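Notebook open, viewer loaded. I'll jot down what I look up, one topic at a time.

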Amino acid sequence: MAVTDSTDTAPIPTPPGWPLVGNAFDMDRELPLRGFQGFAEKYGEIYRLHLPFGSPLFVSSHSLVHEVCDEKRFRKPVAGALNEIRHGVHDGLFTAREGEPNWGIAHRILMPAFGPASIQGMFTEMHEIASQLALKWARHGEDAPIMVTDDFTRLTLDTLALCTMDFRFNSYYHDELHPFIAAMGDFLTESGTRASRPSFMSILYKKETRKYFRDIEVLRQTAQSVLDTRRKRPAGRKDLVSAMLDGVDPKTGQKLSDSSIIDNLITFLIAGHETTSGLLSFAFCLLIKHPEAYRKAQAEVDSVVGKGPIKVEHMNKLPYIAAVLRETLRLCPTIPFIARQAREDTVIGGKYSVKKDEFLICILAQSHLDPKVYGKTAKEFDPERMLDGNFERLTTEFPDCWKPFGTGMRACIGRPFAWQEAVLVMAMLLQNFNFALDDPTYELQYKQTLTTKPKNFYMRASLRDGMTATELEHRLAGGFQSTAGSKAKTKGTSAAAQTETKPMSIYYGSNTGTCESLAQRLATTAASHGFAATVVEPMDEATDKLPMDRPVVIITASFEGQPPDNAAQFCGWLERLSADELSGVSYSVFGCGHHDWNQTFHRVPTLVDGTMSERGATRICDMGLTDVADGDMFTNFEQWEDDVFWPAIEAKYGTTATGAGNDDAPSDSLDVQFSSPRSSTLRQDVKEATVVDEKVLTTAAAPTKKHIEIQLPDGMSYKVGDYLAVLPVNSKASIDRVIRQFGLSWDSHITIASDRWTALPTATPVPVYDVLGSYVELSQPATKRGILRLADAAKDDATKQHVRQLAGDSYPSEISLKRTSILDLLEQFPSISLPFGAFLSLLPPIRPRQYSISSSPLVTPTRATLTYSLLSARSLSRPATHTHTGVATAYLAALSASDKLLVSVRPTHTAFSLPEDAENTPLICVAAGSGLAPFRGFVQERAALVAASQGKKRLATALLFFGCRGPEMDDLYRDEFDAWQRAAVVDVRRAFSRQTGIDEAHGCRHAQDRVWRDREEVKALWERGARVYVCGSRAFGDNVKRVVGRVVLGEEAGEEEIAEWYKGVRNERYAIDVFE
């Protein structure tokens, strides 16, 4: 139970703490911002923490932040890390205390140096440093990962030093940074550390203290040398140094002392480089993650600047770039807090008492997300809201709603400098490069020191317009003439094109891994048709650089009609083409989709196929399509390959498929050598997590459903409604079947060599158990091509004929429906003699499985829970001897506390998330079985919000319709939901399909039956703006949709009327999450 301050007005929430240390142990030491925002989510717009250095108040709503920004009632205190920084810069502009005279003198002298004319005069030198960065990226090439924050820090520091004091750090010309930079970084880090520990403990840190003051000496000596050099050799420049040396305070007539000049030189280098580098890093991360905004930003640069050099007059003609920067600073303020101090006893918010001299921390990172200002999309990246007209309206209607540069007279004096630099760098880089994430699965993480930056953010840059680095150098200097038209036709050629094989580029758009797996299979089979897949990459890698010297294959899915995450940038680029820019490109498209989303079924592959043709590209063959709901995507893909794609390729390029009798043909299997060393390779798109707890949720009378709690890897976070992707390992039983089938030893190691692309580890000894467990799908239904390969390996004609029939008319009933795998067939037909390498080559790479997270991060932000059904049934292909188990659920079920597993968080890409306005938006949730998972997270989050407000927060009604077998069988989390129901967080309405006659079910056997029984309440909530969420199987989702449609439209509503209604509310007020 939280304790509160006793005041004459409203109590201020305080998280429960410990004697002496208070809330110190509740602090997030890696990322304090995350902890402070978490408290704000739980305790509301104001709360107090008891910490070793005091008991400050934290405010996070726009209204309270606006109030404490009133200079007449509150002032800027110099405390915490700022107070420690005074050891190095004394009473510089950002660390001076109120009333210290040097602040006023310096401020009045330096303001003209940051006026519009002065800033424009620095443009040439800004352009020079930005050009150094651009040329570095161009010369390193498109395959080199860029450590974004590091390169932008070098940029901003070099720019500040050159423009303001005519000093060159030359950071891009040395691997080792200038000693000043290292000393400054250590000084800032230690200042923050010193501020977080009680002063009496400093005696225990003598070594750190000595290093701290040595760093200060390096900073001050460097600044003194800059000053001495300028005095010896006056440059005639009007920059910051000359202003400080020659300027006279118009009010006092005083000049700055040398000590004050040094204080402020260091201050500008510290304050200016960290914040701007963080801004640019966040901006590029957000743009790459939001392809439509990326497209608009790049299109604006192309329209305003064109292909020539960027000039100072362009700076005010890029309103969308400015909006991107504003929106970036709103979502990711590099200074996420500002401190305030009450001048007198006062009351804020009309009800919270604040004492004189009491400290308040404004959490700007939270107040910038206030839905009362920014609406229900407050947490989304939307640069349009920050375009000039709307930005002016917002800041007029809601003063102080955007505060990234501080407040009042003590706000950032260097804002015009930082803004021009950021706009210039954004424009230059977008004009000349296309950018993509180095890791397509990267989700934004934060690193916090005195400022915030993205953590572990790497991207790659590829030159646009077919340029070389040398041509970029000429363009930046104003002398470039594009020769891209002639270069594009030879761009991308490789050694493979000059050998007997021809090059092929394969691009995929994939969130779940299916299309990536299909791309890998195509790359593997290309060699047997005379091609080498020299490129197998996400579609975004092909943006603005589709090759013209080879066939291009695009394999992509649609997600609710939208491109996959790693294809969105490519699709946006494709849609903005307007002429025949793709003339000379030869392409084929294969598309995946799910017929549950029938309005947008195959929208993206159809868009890609049609648009490429309209823009001049040549279609090699008809587009191939598959419905993943049928489970035959691999077979459908192979059939398209064999019947459509490869015949068209051979006709166009004159190649011939290499047959089994050709001694020179690439091997159809993998060359495997057995050895003893132990080593293995892990996947890179997932990280290691730890099982905390697991338990069975059902009784023996019902199919098993389990709960597992997982400690997430450092830096991995989630939102309620997100998914956790788990990379499984095949079961021991399945691996043992393979071991027996091929007569292998359990401790055998294999070394794989292949003359074609493969997803398996090659050229290194790997345990066979590791390969079979971690790299391939053993239970995937056999494809028709795989079956025909088995038929060829059969020793007798009867078996050959029988197996070939399975690849024909018998395939749907005997293979697809029964999920008969290659291993099943080998066991069923002993006369098939297949080498182990050939067996591996027939198996697709293992893929992660996604599960809805069944917890809320407000309870334990570093842990997530999953709720799942254990799939285990008699095998349909061999019911007498075999059991079919789900690969991932069997893997999860075998885990125990402390076991490790590989996971990644996948954000929900639908409307399946809680509404922002929880107090006024009712919820109607409908689930069956383990479909309850996301709703446990929903309700847990609602309960945490209510608890944090000490029961004062009143949430809108939430109805949860839940269907299961019975209360004594599988009524999942019954105790938890009963407690939440008593707390009025949720109202659960149950239906029991097996244990009938129980009063609380009111005769309802299924969740949709209970919805219909309570239809008057459901309709009333719908009319009050309720949102509907449904989670369960496809059939369950269809049944619920019909019932809810009849509730809303009337009992006589037909299928067509309901379908039309659903089309209008889908993903706005009606969200579904279905699973197979």
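Is lysine 732 buried or exposed? Exposed: I get a relative accessible area of 56% for lysine 732. Note to self before going on: this is a predicted model.

**Salt bridges**

I stayed with lysine 732 and looked for its partner. It forms a salt bridge with aspartate 736, with the closest N and O atoms 2.8 Å apart. Both sit in helix H24 (residues 732–742), and because they are four residues apart there, about one helical turn separates them. I reminded myself of the geometry: an α-helix has 3.6 residues a turn, so residues three or four places apart point the same way. Unlike exposed lysine 732, aspartate 736 is buried, at a relative accessible area of 17%.

Next pair: aspartate 722 and lysine 719. Their closest N and O atoms are 3.7 Å apart, and the pair is listed as a salt bridge; the cut-off is 4 Å. Aspartate 722 is buried at 2% relative accessible area, while lysine 719 is exposed at 51%.

I also pulled up arginine 974, which forms a salt bridge with aspartate 971; here the closest N and O atoms are 2.6 Å apart. Arginine 974 comes out partly exposed at 24% relative accessibility, and aspartate 971 is buried at 8%.

How many salt bridges does a search of the whole structure find? It finds 66. Some of them join up: Asp987, Arg989, Arg1010, Arg1013, Asp1014 and Glu1017 are linked in a network.

**Cysteines**

I checked for disulfides and found zero in the structure. Cysteine 362 is in no disulfide, its nearest cysteine sulfur being that of cysteine 69, 5.2 Å away. The cut-off I need here is 2.5 Å between sulfurs. Cysteine 362 is buried, with a relative accessible area of 0%.

Cysteine 1031 is in no disulfide either; the nearest cysteine sulfur, from cysteine 925, is 10 Å off. Cysteine 1031 is buried too, at 2% relative accessible area.

Then cysteine 412, which I looked up because of the record. UniProt lists Cys412 for "binding site", in an unreviewed entry. Where does cysteine 412 lie? I find it in the loop between helix H16 (388–397) and helix H17 (415–432). Cysteine 412 counts as partly exposed, at 30% relative accessibility. Setting aside neighbours within four places in sequence, cysteine 412 is in contact with Phe94 and Phe405.

**Nonpolar cores**

The largest nonpolar core has 122 residues, and those with the most contacts inside it are Trp137, Phe152, Met426, Leu429, Phe433 and Phe435. Which helix gives the most to this core? Helix H11 (residues 258–289) does, with 16 residues.

I zoomed in on phenylalanine 435. Leaving out neighbours within four places in sequence, its contacts include Trp137, Phe284, Ile288, Tyr294 and Leu429. The list for phenylalanine 435 also has Arg460 and Gln569.

Apart from the largest core lies another one, of 39 residues, among them Phe742, Val766, Val803 and Leu826. General background for this page: in soluble globular proteins, nonpolar side chains tend to be buried together.

**Helix H36**

I ran a length check on helix H36 (residues 1034–1049). At 1.5 Å a residue, its 16 residues should span 22 Å, and the end C-alpha atoms are 22 Å apart, so the two agree. The expected span takes 1.5 Å times one less than the number of residues.

Which residues of H36 are buried? I list Phe1036, Gly1037, Val1040, Val1043, Val1044, Gly1045, Val1047 and Val1048. The buried residues of H36 pack against several elements, including strand E32 (923–928), helix H34 (1007–1013), strand E35 (1027–1033) and helix H37 (1055–1065). Just after H36, glycine 1050 takes a positive phi of about 120°.

**Arginine 521**

Last lookup: arginine 521, in helix H20 (residues 514–526). Buried or exposed? Arginine 521 counts as buried, at 12% relative accessibility; the cut-off for that is under 20%. Not counting residues up to four places away in sequence, arginine 521 touches Phe634, Glu638, Thr783, Leu842, Leu843 and Pro844.

Key
Residues are numbered from 1 along each chain as its sequence is written. This is a predicted model: local features need pLDDT of at least 70, side-chain atom pairs count only at pLDDT 80 or more; totals for chains, interfaces and linings use all residues. Side-chain values use heavy atoms; hydrogens and water are left out. Helices (H or I, at least four residues) and strands (E, at least two) are DSSP runs, numbered from the N terminus. Buried means under 20% relative accessible area, exposed over 50%, partly exposed in between (1.4 Å probe, protein chains only). Contact means heavy atoms within 4.5 Å. A nonpolar core is a set of buried Ala, Val, Leu, Ile, Met, Phe, Trp, Tyr and Cys residues joined through side-chain atoms within 4.5 Å. UniProt positions are given in the numbering used here, feature names are shortened, and annotations may be inferred rather than shown by experiment. A salt bridge is a side-chain nitrogen of Lys or Arg within 4 Å of a carboxyl oxygen of Asp or Glu.
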